[in-house]
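Visitor: I have a model open here and I'd like a close look at one part of it. Could you pick out a strand in the sheet and walk me through what sits around it?

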Amino acid sequence: MAVFEGTFTQDTPLRFAIIIGRFNDLVTVKLLEGCQDCLKRHGIDVNPHGTQVDYVWVPGSFEIALVARQMAATHRYDAVICLGAVIRGQTPHFDYVSAEVAKGIAAAGFQTGVPVIFGILTVDTMQQALERAGIKSNHGWNYAMNALEMASLMRQINSGLTAQNYAGAGVAPVLPVSHQFLETVAPADSVQNQVSGY
Ligand code: INI
């Protein structure tokens, strides 16, 4: 058996599509900047004229899922990153847009087998949106991390690594990296139980 876990450094170049909603672009441009910064710091060439990242601008979050599915279905990308900002207003519009984009993005991933990252802020106010797009932190950065991890993970799964050659390569922790401390605090048999629970 095997434990698969995505990494954040790649031997082979990964390719991404980023789809950005123009609606609330005060926010979405900032999410994009955070996303590009993270990708760049992980060795990805984010130049739109390069070979690793394509960009698609759409009118608003409602349109993102359709384009995400279309891009994913080409199988030219290791992951598709969707960036949008849905901000609650005085009408139920928020609920319709946010529900549809969430369902649509999930469906795009399921239907194509390509990771499609849900980078849509759903917030009550513009202030909350801006806080998550650079004022306090930039969620665009996290969405890029999620894309890197999922892209790497799916490559590993799709390439059918076995426990033997994976462990033999000396790169695979038995536990997820975030849980490695368990090895020092948990008795061996409970660690074993954790592992077999995956
Ligand atoms: N699109 C957004 O991305 N965010 C919003 O907050 C928003 N609101 O509130 O209306 C929004 N609406 C536009 C929508 O995504 C479509 O572009 C439009 O309805 C045309 O299909």
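Guide: Here is a tour that starts at one strand and works outwards to its neighbours.

Keep in mind that this is a predicted model. Let's take β3, which covers residues 79–87. To place it first: the protein has eight helices and four strands, and from the N terminus they come in the order β-α-β-α-β-α-β-α-α-α-α-α. Of its 198 residues, 33% count as buried. β3 itself is another story: eight of its nine residues are buried, so the strand is largely enclosed by the rest of the structure.

What does the enclosing? Start with the strands that pair with β3. Strand β1, residues 16–21, pairs with β3 in the parallel sense over five bridges. Strand β4, residues 116–123, pairs with β3 in the parallel sense too, over eight bridges. If you want a residue to click on, try Ile81. Ile18 stands opposite Ile81 of β3, and Ile81 in turn stands opposite Ile117 in β4. To get from β3 to β4 the chain passes through α3, and this β-α-β crossover is right-handed. A bit further along, Gly84 stands opposite Ile120 in β4. β4 is tucked away as well: seven of its eight residues are buried, so it is also largely enclosed by the rest of the structure.

Now for the helices, beginning with α5, residues 139–158. Its buried residues are His139, Gly140, Tyr143, Ala144, Ala147, Leu148, Met150, Ala151 and Ser152. The cover over those residues includes β1, α1, β3 and β4, which brings us back to our strand. The spacing in that list may look familiar: an α-helix has 3.6 residues a turn, so residues three or four places apart point the same way. The length of α5 works out too: at 1.5 Å a residue its 20 residues should span 28 Å, and the end C-alpha atoms are 28 Å apart, which agrees. One residue of α5 to pick out is Asn146. With 18 C-beta neighbours inside 10 Å, Asn146 counts as partly exposed. Its C-alpha lies 7.1 Å from that of Ile117, although 29 residues separate Asn146 and Ile117 in sequence. Links across the sequence show up in the overall count as well: among contacts between residues at least 6 apart in sequence, 76% join residues at least 24 apart. Just after α5, Gly160 takes a positive phi of about 65°.

The other helix to look at is α1, residues 25–41. Val27, Thr28, Lys30, Leu31, Leu32, Gly34, Cys35, Cys38 and Leu39 are buried in α1, and the elements covering them include β1, β2, β3, β4, α4 and α5. So β3 appears in the cover of α1 and in the cover of α5. For α1, 17 residues at 1.5 Å each should span 24 Å, and its end C-alpha atoms are 24 Å apart, which agrees. Just after α1, Gly43 has a positive phi of about 85°.

Two loops are worth a quick backbone check. Asn24 sits in the loop between β1 and α1, with a positive phi near 60° despite being a residue other than glycine. Asn24 is buried, with 21 other C-beta atoms within 10 Å. In the loop that runs between α2 and β3 you'll find His75, again not a glycine and again with a positive phi, of about 55°. His75 counts as exposed, with 10 C-beta neighbours inside 10 Å.

Last, the ligand, which ties in with β3 directly. The ligand is surrounded by 16 residues, and the closest are Phe23, Pro59, Gly60, Ser61 and Phe62. Two or more residues of that shell come from each of α2 (61–73), β3 and α3 (93–112). The largest share belongs to β3, with four residues. Broken down by class, the shell has eight nonpolar, seven polar and one charged residues.

So, to put the strand back together: β3 has parallel partners in β1 and β4, eight of its nine residues are buried, and it gives four residues to the shell around the ligand.

Terms used:
Residues numbered from 1 in each chain as written. Predicted model: local features only at pLDDT ≥ 70, side-chain atom pairs only at ≥ 80, totals over all residues. Near = placed C-beta within 6 Å. Nonpolar A, V, L, I, M, F, W, Y, C, P; charged D, E, K, R; others polar. Buried ≥ 20, exposed ≤ 12 C-beta atoms within 10 Å, placed from the backbone. Contact = placed C-beta atoms within 7 Å. Pairing = 2+ DSSP bridges. Right-handed = clockwise from strand over helix to strand, strands pointing away. Expected span 1.5 Å × (residues − 1).
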